[in-house]
Amino acid sequence: MVQKARSLSPTNQRASGANGNSRINAKNADESLHSPAILLERYRSMLLIRRFEEKAGQLYGMGAIGGFCHLYIGQEAVVTGIQAALIPGDSIITSYRDHGHMIATGMDAKGVMAELTGRRDGYSHGKGGSMHMFSREKGFFGGHGIVGAQVPLGTGLAFAHKYREDGHVCVTYFGDGASNQGQIYEAMNMASLWKVPQIFVIENNRYGMGTAVARIAAGTKLYKRGEGFGIPGRTVNGMDVTEVEQAAREAVSAARKGQGPYILEMETYRYRGHSMSDPAKYRSKEEVADMRDHHDPINHVAKLLEQAGVDEEKLKAIDNEVKAICSDAAEFALASPEPDASELWTDVLVEA
Ligand SMILES: Cc1ncc(C[n+]2csc(CCOP(=O)(O)OP(=O)(O)O)c2C)c(N)n1
Ligand SMILES: [Mg+2]
C-alpha cells in the first residue's frame, strides 16, 4: 500500500484519470469503511460539527460572539475522514476556519464555545477567540489567522516527529486561496528534502473570500503544486467521507513509513459566506442550493445508512444527542465569566 501511495508520481497521475486526476482506486478501497457501524460513527462526527457550527452562527447573530467567525458548514467530511485515519499523538494545524477541526480531534465543545464567546472557561481563557485555540493533549496546534502561516509551522511539527522518531505525522490544512502563498513553497521544499511526515491537505472550497479559484490561480490543479519538489498529490471528493478516509489512510501510512510528504486536494464547498459578515454575492443561490441538495456529505451518508437498513429513528436519535451537546456547550459558554482585566498580560509569553 505504501509503495502504491508513493508511486503516484505526477507522471502517473496524468495517465491515471480522464481529467489528469488521480482518483482513489476502487480496488484498493477498504470495504469495512462502508460498514453501517463505521458510517454511523462518521455520520455522528459530521453532524456534531454541523450542529456546533449552526449553534455558533446563532450565538454570533445574538451578538454573543465578537470578532471574526468563519463557519465550516459543508466541509465536514474532510476533517472527519482525515481524523479517522490518525492516531493519538499525530498533530494537526489549520487556518481560522478551525472549529470543525477542533471538534474532530475530540476537543471539548464547551471549551471551544466558551472561547468563541470570549469567556474564561474557553481553551485560551477567552483571550484567543475563534481563530486562536490550541490543545496539546489532542495534538491541535491552532487556529491561525494569517493566510498560509500554519503551513511552515506544520513542517516544523512534522520535522519534530521525524527528529524524535515517534512515528507520528502532521496534517497541515490550508485553503485554495492560501495555496498561492509563497511560504507554502518554501515549506514544501524543506518537507520534501528532509522527507518529513507532513500531509498537506488543501481544502479547495472554490473560493478565497469572494474570489473564485480560476480568477487567481495560474494552474487550478492544486494537487500538482508539489510537482517541482517531488511531492505526490491527488484530488479527492471532499464531500464523500469514505473517499477522504481512504485517501488519508494511504497518504498517512506512506508518511509514517518515512516516505515523505503528500498533497491531498479536497474538492469541497462551504455553504455559508467566508465569515459571518459576508453576504456571499459573488456566487449564485442556485450554485449553493445545488451543493446542499445534491452533494451534502451528511445526507450522502444518511442515504447509505438508510439503504443498509438503518432505522430513520436511529439517525434522529443521533441528531438529538449532538444537538443536546451543542445546546449544553452554548449554555456553559454563556454562563462562564469574561476574563478579568488582570489577565491581560498572562499567557502572552512562555518563559523558556
Ligand atoms: C497574509 C494574509 N493575507 C490576506 C488575509 C485576508 N484573508 C483572510 S481569509 C482569506 C482567504 C483565504 O481563502 P482560502 O485559503 O481559500 O481559505 P477559506 O477561507 O476558503 O477556508 C484572505 C485573503 C490574511 N488573513 N492573511
Ligand atoms: Mg477557499
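This report describes a predicted model, covering its sheet, one of its helices and the surroundings of its ligand.

## The sheet

Five strands make up an open sheet with parallel pairing, arranged in the order β1-β2-β3-β7-β6. The edges are occupied by β1 (91–93) and β6 (233–237); each has a single partner strand, so one side of each is left without a neighbour in the sheet. On average, neighbouring strands of this sheet are turned by 20 degrees against each other, direction ignored.

Helix α10 (residues 241–256) packs on the sheet, where it touches β3, β6 and β7. The direction of α10 makes about 170 degrees with that of β7.

## Strand β7 and its partners

In the order of the sheet, β7 stands between β3 and β6. With β3 (residues 198–204), β7 (residues 262–267) pairs in the parallel sense over six bridges. Within this pairing, Ile202 has Glu265 of β7 as its bridge partner, and Asn204 stands opposite Glu267 in β7.

The pairing of β6 with β7 is also parallel and comprises five bridges. Here, Val236 has Met266 of β7 as its bridge partner.

## Burial of β7

Strands of a sheet pair through backbone hydrogen bonds, in either a parallel or an antiparallel manner. In a regular strand, the side chains alternate between the two faces of the sheet. Both faces of β7 are covered: Tyr262, Leu264 and Met266 are buried on one side, and Ile263, Glu265 and Glu267 are buried on the other.

The residue threshold for burial is 20 or more other C-beta atoms within 10 Å of a residue's own C-beta atom. Six of the six residues of β7 are buried, and the strand is therefore largely enclosed by the rest of the structure. Among these buried residues are Glu265 and Glu267, which are paired with Ile202 and Asn204, respectively.

## Helix α3

Helix α3 (residues 36–61) has 26 residues. From its first C-alpha to its last, α3 reaches 37 Å, which is close to the 38 Å expected at 1.5 Å a residue. Just after α3, Gly63 adopts a positive phi of about 85 degrees.

## Surroundings of ligand 1

There are 15 residues around ligand 1, and those that come nearest are Val147, Gly175, Gly177, Ala178 and Gly208. By character, the residues of this shell divide into five nonpolar, seven polar and three charged.

Methods:
Residues numbered from 1 in each chain as written. Chains lettered and ligands numbered in written order. Predicted model: local features only at pLDDT ≥ 70, side-chain atom pairs only at ≥ 80, totals over all residues. Pairing = 2+ DSSP bridges. Helix = DSSP H or I, 4+ residues; strand = E, 2+ residues; numbered from the N terminus. Axes fitted to C-alpha atoms, helices over the stretch in contact; angles between N-to-C directions. Contact = placed C-beta atoms within 7 Å. Near = placed C-beta within 6 Å. Nonpolar A, V, L, I, M, F, W, Y, C, P; charged D, E, K, R; others polar. Expected span 1.5 Å × (residues − 1). Buried ≥ 20, exposed ≤ 12 C-beta atoms within 10 Å, placed from the backbone.
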